[in-house]
Amino acid sequence: MLNSLQNPLSLIGRLLIALLFVPAGFAKIAGFAGTVGYISSKGVPLPAVAAAIAIVVELGLGILLAVGFQTRWAALAIGVFTVVITCIFHAFWTDPTQQMMFFKNMAIAGGLFSIAAFGGGAWSVDGQRKG
């Protein structure tokens, strides 16, 4: 039963995870100065460069994840990005109010690493190119 749902579930999973990142990338473009200010407030060096990297990862790689093109690499890169930024922006060991956000983001990274391990499924650009 679940085998017959593998491709639609893979598509739905990719789209739902991309739904977190793609709009966030657009929001960072629209509010670039505010994004740079927030990143700077966390002590990240070169905050404008960091904001540009975040836009590329969230918007660019998020779109690749959604359509399933270079799915494994996109998921891996977004997963690593998520772990790194979570440790910077949701460090619950210095601010206990961040614990829920920290673990939520780690769970999202886990989902991304699963996609990186197993690919985007047949209902992806990668899957169509294989077949």
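Which helices each supply at least two residues of the lining of the largest pocket? In this predicted model, local features need pLDDT of at least 70 and side-chain atom pairs count only at pLDDT 80 or more, while totals for chains, interfaces and linings use all residues. Residues are numbered from 1 along each chain as its sequence is written, and side-chain values use heavy atoms, with hydrogens and water left out.

The largest pocket (an open set of points on a 1 Å grid over the protein atoms alone, where a 1.4 Å probe fits, with protein on both sides within 12 Å along at least five of seven lines) holds about 650 Å³ of space, the volume being that filled by probe spheres set on the points, which are joined across faces, edges and corners. Its lining (residues with an atom within 4 Å of a point) comprises 25 residues, of which Lys28, Glu58, Phe81, Ile85 and Phe89 are the closest to the centre. At least two lining residues each come from H1 (6-30), H2 (32-41), H3 (47-67), H4 (71-89) and H5 (99-118), helices being DSSP runs of H or I with at least four residues, numbered from the N terminus. H4 provides the largest share, 7 residues. By class, 17 lining residues are nonpolar (Ala, Val, Leu, Ile, Met, Phe, Trp, Tyr, Cys and Pro), 3 are charged (Asp, Glu, Lys and Arg) and 5 are polar (the others, Gly among them).

The second largest pocket contains about 240 Å³ of space. Among its 14 lining residues, Gln6, Ser10, Phe118, Gly119 and Gly121 are the closest to the centre. H1 and H5 each supply at least two residues of this lining, and the largest share, 6 residues, belongs to H1. The lining of the second largest pocket consists of 8 polar, 5 nonpolar and 1 charged residues.
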